[in-house]
Amino acid sequence: MKTNVSTLAALRRGFAREFASTLIALALIAAVKVGLISLIPW
Amino acid sequence: MRAKTSQLDSQRATGVVVLAGIVALAKLAHVLVPSVPAVVWALGFGILAGAGAERSRRPAPSLPYQVPLTAGFVMMGAQMQPEVFALVGWPGVLSLALLWLSVLGAFALAVKLRLLPGRLAGLFALGLSGFGVTAVVAVAKYDRDVAGTPQTVATLVVLVSGALALVGYPLLAPLLGLDAATFGAFAGLTVANNAEALATAGTAEEPALLLAAAYKVLANAFEGLAVLVYLWLFMPREQRDRGHIGARLLLPKVPGFVIGFAIVGAAALLGAFTEQERAVLGTLTQWAFFIALVGVGYRTNAGAIFKAARPTAIGLALWAVTSALVLLWLTRGPWSGHGT
């Protein structure tokens, strides 16, 4: 039982990370879209 | 409980700072010596830092490299254009199918001949079918039996094959008289990792890069599905038979980057991005993958590499054989010189 609980907790963490990463990407895209990020020295 | 949480938070913060430091060093090295590809610098510095962290007495921080990896994928959706599909076309889809068939065939044969254990062969096949390190990472998240050495070995084979392609393909191209389009298709199909595939294609002139990107986009679209197929085939039966747990384990995997990529990709296809915005997002994507590769290098255990020399060599040999088959198809196949 304990394993299941910790598996689910790990899963939730993984899901939260995935969600956060997607949000970061969308925020960056929005920043590009409104012109906040236009040229990056590369 | 609170003490534990704050300890976790401080570990996470250390991880972010360490990652930022290594990324800055690797980037500086690349700026100073631009002739060595950025990918090599990122991985090299990552592996060095990982080896250093292993030797130190203090617990090593884990670097949060999955965040830039996922964010990079979502941003890559912005590169979706109708022209990309027109470029690849049906012959391209057939080429991808041929790659999958040859990779699956080669590794199934290796298992039959007892050259490789089944699960590791499956991991190799998944990585080398064009899905790369991210698919291996995704699978290892759920299949605990491959987390650790098998994951490291599979990651290594994917990375070393990418490095070999990065150095070898540009030398091979003039010898075989490959035109830029065929070269791009070859790199996009047979170099498993996005970053290395694009870096390899980038050594030739256009449209090599565009074609490689198109093939990567096409292959990436199937990554979620491939991960599910792998888990269905190799997940321990007891775990799968508990049914509901299996379903719960699989469900969150599909959303994440696949949904993000699909949304951004659909917006891009509808014309949401101008050429300049696309270029800026492309640079951001490159940065994201650069950071992620530092993290992947950091996690690569240099010691385990030597212990796993035999499966690594077999994996690389099979990759070379399947790549040669794809090259033969591209240059001598029914569609050679057409479209691709």
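**Helix 8 of chain B**

I began with what packs over helix 8 of chain B in this predicted model. The cover on its buried residues includes helix 2 (38-55), helix 3 (66-76), helix 6 (149-176), helix 7 (180-190), helix 9 (208-221) and helix 14 of chain B. Helix 8 itself runs over residues 194-201. Which of its residues are buried? I get Asn194(B), Glu196(B), Ala197(B), Thr200(B) and Ala201(B).

**Chain B overall**

Next I pulled the totals for chain B. I find 16 helices and zero strands. Of its 340 residues, 49% are buried. I also looked at contacts between residues at least 6 apart in sequence, and 79% of those join residues at least 24 apart. The accessible surface of chain B is about 15,800 Å², and carbon and sulfur atoms account for 69% of that.

**Chain A overall**

Chain A has one helix and zero strands. I count 24% of its 42 residues as buried. Its exposed surface comes to about 3,000 Å², with 72% from carbon and sulfur atoms.

**Salt bridge**

How many salt bridges does the whole structure have? My search over all chains turned up one. The partners are the side chains of Glu277(B) and Lys33(A), at 2.8 Å from N to O. This pair crosses between chains: Glu277(B) sits in helix 14 (residues 275-299) of chain B, and Lys33(A) in helix 1 (residues 2-33) of chain A.

I then checked how covered each partner is. Glu277(B) has a relative accessible area of 13%, so I log it as buried, the cut-off being under 20%. Lys33(A) comes out at 39% and goes down as partly exposed.

**Largest cavity**

I looked for enclosed space and found three cavities of 30 Å³ or more. The largest cavity holds about 130 Å³. Its lining has 13 residues, and those nearest its centre are Leu69(B), Thr134(B), Asn193(B), Asn194(B) and Phe289(B). I had already met Asn194(B) among the buried residues of helix 8.

Which helices supply at least two residues each to this lining? They are helix 3, helix 5 (118-142), helix 8 and helix 14 of chain B. Helix 14 gives the most, with four residues. By class I have ten nonpolar, three polar and no charged residues in the lining of this cavity.

**Second largest pocket**

I put the second largest pocket at about 940 Å³. It is lined by 36 residues, and the closest to its centre are Leu198(B), Ala199(B), Leu209(B), Gly282(B) and Gln286(B). Helix 2, helix 8, helix 9 and helix 14 of chain B each bring at least two residues to the lining. Which one gives the most? Helix 14 of chain B does, with ten residues. Sorted by class, the lining of this pocket has 21 nonpolar, eleven polar and four charged residues.

**Val296(B)**

Staying on helix 14 of chain B, I picked out Val296(B). Its relative accessible area is 5%, so it counts as buried. What does it touch, leaving out residues up to four places away in sequence? My list is Tyr65(B), Val133(B), Thr155(B) and Leu159(B). I also took the C-alpha separation from Val296(B) to Ala42(B): it is 9.0 Å, with their positions 254 residues apart along the chain.

**Ala138(B)**

Ala138(B) is in helix 5 of chain B. It is at 3% relative accessibility and so counts as buried. I paired it with Leu228(B): the two are 90 residues apart in sequence and 9.8 Å apart in space, C-alpha to C-alpha.

**Arg114(B)**

Last, a backbone check. Most residues other than glycine have a negative phi. Arg114(B) is not a glycine, yet its phi is positive, about 60 degrees. Where is it? Arg114(B) lies in the loop between helix 4 (82-112) and helix 5 of chain B. Buried or exposed? I note Arg114(B) as exposed, because its relative accessible area is 75% and the cut-off is over 50%.

Conventions:
Residues are numbered from 1 along each chain as its sequence is written. Chains are lettered from A and ligands numbered from 1 in the order in which they are written. This is a predicted model: local features need pLDDT of at least 70, side-chain atom pairs count only at pLDDT 80 or more; totals for chains, interfaces and linings use all residues. Side-chain values use heavy atoms; hydrogens and water are left out. Buried means under 20% relative accessible area, exposed over 50%, partly exposed in between (1.4 Å probe, protein chains only). Contact means heavy atoms within 4.5 Å. Accessible areas come from the Shrake-Rupley method with a 1.4 Å probe; for residues, only the protein chains shown count as cover. A salt bridge is a side-chain nitrogen of Lys or Arg within 4 Å of a carboxyl oxygen of Asp or Glu. On a 1 Å grid over the protein atoms alone, a cavity is a set of points where a 1.4 Å probe fits but cannot get out, and a pocket is an open set with protein on both sides within 12 Å along at least five of seven lines; lining residues have an atom within 4 Å of a point. Grid points are joined across faces, edges and corners, and a volume is the space filled by probe spheres set on the points. Ala, Val, Leu, Ile, Met, Phe, Trp, Tyr, Cys and Pro count as nonpolar, Asp, Glu, Lys and Arg as charged, and the others, Gly among them, as polar.
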